[in-house]
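Please open the structure in a viewer and keep the selection tool at hand. The tour below proceeds stop by stop.

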Amino acid sequence: MTYINEAKTRYEIVTEKLEEEVLLLPVAGKLPPIRSLMDRFGVSQATLDRSLRDLCKQGVLKRVSGRGYFRSAASTDSKPLRIDFCYFLAKDEINNSLNSMITNFLQQEMYRRGCLTSVLVYGNFDGLPRFQDLIMQNKPDALILMGCMNVTFLHMLRTQKIPCLQLYPNCIEKSAVSYLIDNHAAMQQIVDHLLQLGHRRIALLHGQGCGGWEMLDQQERIDSYYDALRAQNLPISGHLVRFGGFSRESGYEAAYELLRSHSRPTAIIGNDYNAPGIYQAAKELGLKIPEDLSVVGFDGLPQCQLMHPTLTTLDICWQDTMRQLTDHAIRMAKSGSLDCDVVRTAVALKPGESSGAVPENYQIES
């Protein structure tokens with residue numbers, strides 16, 4: 001299993017920057033001298049040589065002994081890579097803020113890297129033939145799937161020798177690459193943050209089962225929530241774990257029922273979509289945030305900063321993930337390799353004003 005918790009290596013950065021520079025040259029245009037490139041990028045000759053060799057193998061550069069490196073004529077003749085992006089979501093779910101940002105960012109990254117891309121929606125869920133027709137109409141060099149829930153589709157792509165990467169999948173197949181949020185680390189960060197503030201009665205409003213979907217991501221968060229509480233020897237109550245969905249309305253309904261109970265929580269973990277509903281329920285019940293109730297979201301969306309008070313949230317670092325995913329997809333498309341891996345992506349808690357110390361007069365039930 002791979003964890004993405006660090007920036008790109010110097011070699012990866014240099015290779016990417018060099019390729020961008022080469023493609024700005026005319027055919028047969030010469031790169032600056034090696035020493036000049038080493039000084040500019042601040043890397044050793046060994047690192048630079050590795051990047052240059054890779055670009056030569058890809059046909060971007062041509063080395064002329066004793067003269068240097070030149071842009072290859074093949075770099076203009078080669079057909080641009082096509083890397084398509086397919087959602088396994090109902091069409092009305094495509095337009096939520098995170099999915100929209102992911103789509104736009106991915107398209108921009110592919111364009112910047114000189115790749116063709118189409119956004120496809122498999123929203124009818126009417127079997128393998130329909131999916132195969134949808135994918136094969138463009139004959140992509142690689143494919144990124146978001147929310148895939150059927151390993152049969154992955155097997156079909158492998159049979160067709162189409163390199164495939166999964167983003168936030170609902171099923172994991174050993175013969176494919178899957179990029180998933182590190183939900184265990186995420187929930188551990190959230191619970192640790194609340195424990196440091198003195199909270200012991202912490203509720204979770206999850207999205208599992210929303211729209212009839214069984215979501216791997218949501219189940220991992222539920223399991224990790226229980227694990228984090230057990231690790232601290234805190235009491236576990238099913239009463240504190242409820243469906244909160246991904247809307248203001250569903251968040252309000254779940255939070256209102258929790259907060260009007262005699263043994264209400266002092267903190268609620270929700271998501272950035274249902275957090276406004278939690279705020280609304282607290283206000284109607286005369287509870288102040290964070291004085292009486294702490295709230296933590298999940299995803300790190302920009303609108304968290306527009307809430308009052310600003311929402312403490314778990315940033316899933318989706319932009320870094322999209323860059324990593326783009327690089328990985330391009331490497332697989334160029335080589336035709338059918339990689340297999342589970343990649344856990346970085347997460348980071350972003351403290352806001354919605355989480356504070358547990359109320360001094362709150363009594364924890366034994």
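The model shown here is predicted. Please begin by selecting E19, whose relative accessible area is 14%, so this residue is buried, the cut-off for that class being under 20%. Next, add K334 to the selection: its side chain meets that of E19 in a salt bridge, with N and O 3.5 Å apart. K334 lies in helix α13 (residues 318–335) and E19 in helix α1, so that the pair links parts of the chain 315 residues apart. In contrast to the buried E19, K334 is partly exposed, with a relative accessible area of 41%.

**Second stop: another salt bridge of helix α1**

Please remain in helix α1 (residues 10–22) and select E16 there, together with R112 in helix α6 (residues 97–112). These two residues form a salt bridge whose closest N and O atoms are 3.2 Å apart. They are 96 residues apart, and the pair therefore joins distant parts of the chain. E16 counts as buried, at 12% relative accessibility, whereas R112 is partly exposed at 37%.

**Third stop: R260 and E257**

Select R260 and E257, whose side chains also meet in a salt bridge, at 3.2 Å from N to O. R260 is exposed, since its relative accessible area of 52% lies over the 50% limit. E257, at 34% relative accessibility, is partly exposed. To see how salt bridges can share partners, select E16, E109, R112, R113 and D327, which are joined into one network. In total, the structure holds twelve salt bridges.

**Fourth stop: a pair of helices**

Now display helix α9 (residues 183–196) and helix α10 (residues 216–231). How do their axes cross? The axes come within 8 Å and cross at roughly 45°, and the two helices are therefore oblique to each other. The crossing of α9 past α10 is right-handed. To view the contact itself, select N183, H184, M187, Q188 and V191 on the α9 side, and D217, E220, R221, S224, Y225, A228 and L229 on the α10 side. The residues of this contact comprise five nonpolar, four polar and three charged.

**Final stop: T312**

Lastly, select T312 in strand β13 (residues 312–315). Is T312 buried or exposed? With a relative accessible area of 0%, T312 is buried. Residues up to four places away in sequence aside, T312 touches H193, V295, V296, G297, L349, K350, P351, G352, E353, S354 and S355.

Notes: Residues are numbered from 1 along each chain as its sequence is written. This is a predicted model: local features need pLDDT of at least 70, side-chain atom pairs count only at pLDDT 80 or more; totals for chains, interfaces and linings use all residues. Side-chain values use heavy atoms; hydrogens and water are left out. Helices (H or I, at least four residues) and strands (E, at least two) are DSSP runs, numbered from the N terminus. Buried means under 20% relative accessible area, exposed over 50%, partly exposed in between (1.4 Å probe, protein chains only). Contact means heavy atoms within 4.5 Å. Axes are lines fitted to C-alpha atoms, for helices over the stretch in contact, and angles run from 0 to 180 degrees between N-to-C directions. Angles under 35 degrees count as roughly parallel, over 145 as roughly antiparallel, 65 to 115 as roughly perpendicular and the rest as oblique. A crossing is left-handed if the near helix is turned anticlockwise from the far one by less than a right angle, and right-handed if clockwise. Ala, Val, Leu, Ile, Met, Phe, Trp, Tyr, Cys and Pro count as nonpolar, Asp, Glu, Lys and Arg as charged, and the others, Gly among them, as polar. A salt bridge is a side-chain nitrogen of Lys or Arg within 4 Å of a carboxyl oxygen of Asp or Glu.
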